[in-house]
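Got a minute to go through a fold together? Here's the chain, and then some questions about it.

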Amino acid sequence: MRAIIFYLFSFALIAQAGAADSFRLPSHPPFTNAISASAQKLLGTLKPGMTRAQLKQHFGMDGGLQSDIVARYYLDDKAADGTVIMFELAFRPAKMDAATFADTRKQADWLTAHQADWFQPDDIVVAVGTPYISRYHAD
């Protein structure tokens with residue numbers, strides 16, 4: 001059942017994408033409070049082509065329900081008010097070719113057949129969402 005929910009969530013998010021290079025994530029309002037220069041520098045390194053392993057060096061994966069294609073990551077800027085910088089990233093599983101990723105029907109079939117290949121360190125970032133400020137919380 002969990003796999004079906006991830007599949008449907010992922011499919012809904014990518015249904016409008018015609019090709020890997022046209023993938024769009026939701027945008028957020030610009031920062032309203034200042035962030036440190038080191039955080040700005042790290043956020044500037046986010047770009048398509050990175051891998052999950054590279055992200056793990058400076059960013060953490062947010063908890064909660066995540067998709068195999070779209071995931072939330074955060075950068076804890078050690079703000080005194082308990083806020084963190086969040087952003088969404090879209091991934092293409094490393095073992096999935098670009099043509100399959102661009103075709104939502106083929107992509108859905110591939111994801112269903114290759115569940116063991118989800119969330120691998122060599123998955124490739126295909127889109128970076130706009131960073132936004134969020135309050136840190138734990139369940």
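What follows is a short round of questions and answers on the fold and its cores.

This is a predicted model, with residues numbered from 1 along each chain as its sequence is written. Local features need pLDDT of at least 70, side-chain atom pairs count only at pLDDT 80 or more, totals for chains, interfaces and linings use all residues, and side-chain values use heavy atoms, with hydrogens and water left out.

Q: In what order do the elements of the chain run from the N terminus on?
A: Helices (H or I, at least four residues) and strands (E, at least two) are DSSP runs, numbered from the N terminus. The chain has five helices and five strands. Read from the N terminus, the order is α-α-α-β-β-β-α-α-β-β.

Q: Which element gives the largest share of the largest nonpolar core?
A: Such a core is a set of buried (under 20% relative accessible area, 1.4 Å probe, protein chains only) Ala, Val, Leu, Ile, Met, Phe, Trp, Tyr and Cys residues joined through side-chain atoms within 4.5 Å. This one has 15 residues, and L43, L55, F59, Y73, F87, L89 and F91 touch the most other members. At least two residues each come from α2 (37–44), β2 (70–75) and β3 (83–92). The largest share, four residues, is from β3.

Q: What percentage of contacts between residues at least 6 apart in sequence join residues at least 24 apart?
A: Contact here means heavy atoms within 4.5 Å. F87, for one, touches L43, F59 and P131, among others. For the chain, the share of these contacts joining residues at least 24 apart is 65%.

Definitions and conventions:
Buried means under 20% relative accessible area, exposed over 50%, partly exposed in between (1.4 Å probe, protein chains only). Lists of a residue's contacts leave out its neighbours within four places in sequence.
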